[in-house]
Amino acid sequence: MMFDIIDTTKYDVTAFSDVQMSMLRSAQKKKNELLHNLELDLRVFRNVFLANGMEFSSLFEAKKAELTAECDRQVAIIAEQLEFSLSVSEPLPPESGDTGEADYIVDYSLSYTERYAIVRDYYLAIPDPAERMELYSRDTVAREYLGSYYGTLYNVLYSYSK
Amino acid sequence: MNGGGRAAWRGTDIFLKKPETQFTESDLLAADGYCVDGTRKDGKLLSTFYAEPVWLSVAGTKSVWHIGVREEFLILADDGKLTLWGSEETPLDAGVTSPQPYTVDEWQGDELAAYLVGTDGAVRITADSVGEITPVALKSYGGLLKNGRIFAADSLDNYRIFWTGEKGISDIIANENLGWVRLTGTQGKIQKLMNMESDILVVRERGFAVMTAYGNPENFKVTSYRMQCPQVNADSVAVIGGKVYFFSDGKIYCFDKSTVKPLDCPSAADMSGVTGAAEFEGAYYIAGRSARLGKKTVLRYDPSDGSVDYIDCEADKLCVNGGVYCFGGRFAYAPIKGGSYRYYVGETDLGKIGTKCITRIETRCANPVRVTVETECGTKSYTSFGAVYPALSGKKFKFTLTAVGEVTRFAAFTEVIK
């Protein structure tokens, strides 16, 4: 996979942990999806304008610019989120898990739903289900951070590990 | 022997003998002919209108428009100078240059203004004033007003059509708020745009496109037609009843939004160098040079019955305002109904080979009719109050009839001599 969602020269990609690589891959995948959808939308509009003899017109150029700008805006949001996630998520040390510190954003000003989404996304980025469940069950920060949502997320992650 | 001799003199032999002479009647209204300042319709001749010349000080007419806000004609001379002509002639200080300048009307507050738009500038004309030329940022030509927007071709890219936003002429002057579409295909450059019913006709070098432009630009549509089309003379194009008529290489063509077809009009071959066209009361008018008349003239073709007539004036451009006004040289020709007209019958042998003698020519008209007969032996003119008796001999004849009012009969009686 080609990575161009962020300027990878700013980072030592080879030193990325599995989780960070997963974040990068996930973000790049979202960008590729957006670009693909943009291409499909442009093709549909091109055919519509072509049928009306207006393929080479300011109308099509304006539509193309509008769709491209919207796509660029969404890609910028994903890139910004990714850069933030990478900045707070340092590579895991070899014996990670018992440090007592979380590798995701811990912000008690967020609602439980938002906390749940952050922790869920973090653990779902771990490709190995067994490793994911082991890490989650030893995550004491999450237990306190999520409160009653901890059990809910446990069940969700467990269902993904089957 | 005597009995045989008597039989030879029996009457039947005498009656079987071919007579020395035959008497024939020829209906000259049914013969090949053409009218000048009149027409032949439903078996009779009648006047259409003739062109009354008015002297102008303009040096040739490049374009002419009728400006409704002043009820005057705006004449753009070959030297680029403008003149308003109505009841009197008003030379203007302003002038424009463009291959196809155009006029548009626009409401500005409570005032209606007309603009003449060229590639170098626009001139504002109101009921009581004519402004100086205002430079335009958008170089456009061949435009028109449609559904509140101005549509025009781009002088810098002759395949592109522009349309303005809400500000109309201001958008042309400032070159802003403009939309555009670039035409494809092999039909050549855009020559001009014309109104065609609720659509816009795009006249290209070798074909036509039709643009529908109602509501928002998202609804706009351009339909290009695949057609075998000769070179289109933009000055000869007129729209009649949703069909496009134009002249090319001695033929009149009709484009019906699908194909281009030449019309069965042999008289069109008489015309060349067409410089102007118009539509009036369902007929197609072109200004050009006539080989028959040996000078510039206006040909009128009626698609409903295929008839062809001429208006005797040396015109370059035509403009319609309750009649076809013709402009050419230093003259404007105002149309006046009910004048005299001429009907020329082409050279005819009156249906019989050999030498004939015209014994009688009959006419039926409320007024006296001037009849001219031309043979290889000479030309004679007569004034007919019903019948004249020329006693002219010849093998072939040409007739010219000059009349005021309807002529319902024009017939020649001949005696075949040998």
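## Contacts around Tyr104(A)

Contact here means heavy atoms within 4.5 Å. This is a predicted model, where local features need pLDDT of at least 70, side-chain atom pairs count only at pLDDT 80 or more, and totals for chains, interfaces and linings use all residues. Residues are numbered from 1 along each chain as its sequence is written, chains are lettered from A in the order written, and side-chain values use heavy atoms, with hydrogens and water left out.

Leaving aside residues up to four places away in sequence, Tyr104(A) touches Ile118(A), Val119(A), Tyr122(A), Tyr123(A), Asp139(A), Val141(A), Ala142(A) and Tyr145(A).

## The cores

Tyr104(A) is also among the best-connected members of the largest nonpolar core, alongside Ile5(A), Leu82(A), Val119(A), Tyr123(A), Tyr136(A) and Leu146(A); the core has 33 residues. A nonpolar core is a set of buried Ala, Val, Leu, Ile, Met, Phe, Trp, Tyr and Cys residues joined through side-chain atoms within 4.5 Å, with buried meaning under 20% relative accessible area (1.4 Å probe, protein chains only).

Apart from this core there's another one, of 24 residues, including Cys35(B), Tyr343(B), Ile361(B) and Ala403(B).

## Where A meets B

Chain A puts 9 residues into the contact and chain B 11 residues. Together they bury about 840 Å² (accessible area lost on being put together, 1.4 Å probe, summed over both), and 65% of that is on carbon and sulfur atoms.

On chain A's side, H2(A) gives the largest share, 3 residues; helices are DSSP runs of H or I, at least four residues, numbered from the N terminus.

Key. Buried < 20%, exposed > 50% of the residue type's maximum accessible area, 1.4 Å probe, protein only. Buried area = accessible area lost by both parts, 1.4 Å probe. Helix = DSSP H or I, 4+ residues; strand = E, 2+ residues; numbered from the N terminus.
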